[in-house]
Amino acid sequence: MAKKRTLNDLRQVKDSVYRHPHRHGLTEVENNLLNELNYKAKLILDIEAMFKSKGVPCNTKNLFNLNEKQLESVLEVWKKN
């Protein structure tokens, strides 16, 4: 039986294995900002794909106004349905 992973589990796996190819010369703060942007973009892409598969119209511009917690909540609620 496959283990169900939470969003935090997936985030930890991503953080432990993903290294952005153009990170040399960036400060720790810049690296953290880049990680946050990459994660938020991934959430938005996942929501768009899910909505598209369910035939639900989605305005991407509105998704960019949400924070990570809100985007995670949208994914969780819609995946349950």
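Asn-8 sits partly exposed, at a relative accessible area of 45% (buried means under 20%, exposed over 50%, partly exposed in between, using a 1.4 Å probe and protein chains only). This residue belongs to helix H1, residues 7-17; helices here are DSSP runs of H or I with at least four residues, strands are runs of E with at least two, and both are numbered from the N terminus. The C-alpha atoms of Asn-8 and Glu-72 lie 9.9 Å from each other, although 64 residues separate the two along the chain.

The model is predicted, so local features need pLDDT of at least 70 and side-chain atom pairs count only at pLDDT 80 or more, while totals for chains, interfaces and linings use all residues. Residues are numbered from 1 along each chain as its sequence is written, and side-chain values use heavy atoms, with hydrogens and water left out. On the predictor's per-residue confidence scale, pLDDT, which runs from 0 to 100, the chain averages 79, and 75% of its residues reach 70 or more. Confidence bottoms out in H1, at a mean of 65, and peaks in H4, at 90.

As for the overall layout, the chain has 4 helices and 0 strands, in the order α-α-α-α from the N terminus. Of its 81 residues, 17% count as buried. Among contacts (heavy atoms within 4.5 Å) with a separation of 6 or more, 57% are between residues 24 or more positions apart.

Now for H4. Its 13 residues should span 18 Å at 1.5 Å a residue, and the end C-alpha atoms are indeed 18 Å apart; the expected span is 1.5 Å times one less than the number of residues. Leu-71, Glu-72 and Leu-75 are buried in this helix. They cover an arc of only 100° around the axis, so they fall on the same side of H4, the arc being that of the directions from the helix axis to the C-beta atoms. The face turned away from that buried side carries exposed Lys-69 and Lys-80. At the start of H4, a side-chain oxygen of Asn-67 comes to within 3.1 Å of the backbone nitrogen of Lys-69.

Rings of Phe, Tyr and Trp (its six-membered ring) pair if their centres lie within 6.5 Å, with planes under 30 degrees apart called stacked, over 60 edge-to-face and the rest tilted. That rule yields 1 aromatic pair. Phe-51 and Trp-78 meet edge-to-face, 4.8 Å centre to centre with 70° between the planes. The pair links distant parts of the chain, 27 residues apart: Phe-51 in H2 (residues 28-54) and Trp-78 in H4 (residues 68-80). Phe-51 counts as buried at 9% relative accessibility, whereas Trp-78 is partly exposed at 29%.

Definitions and conventions: A polar contact is a pair of N or O atoms within 3.5 Å; within protein, one must be able to donate a hydrogen and the other to accept it, and residues adjacent in sequence count only if both atoms are side-chain atoms.
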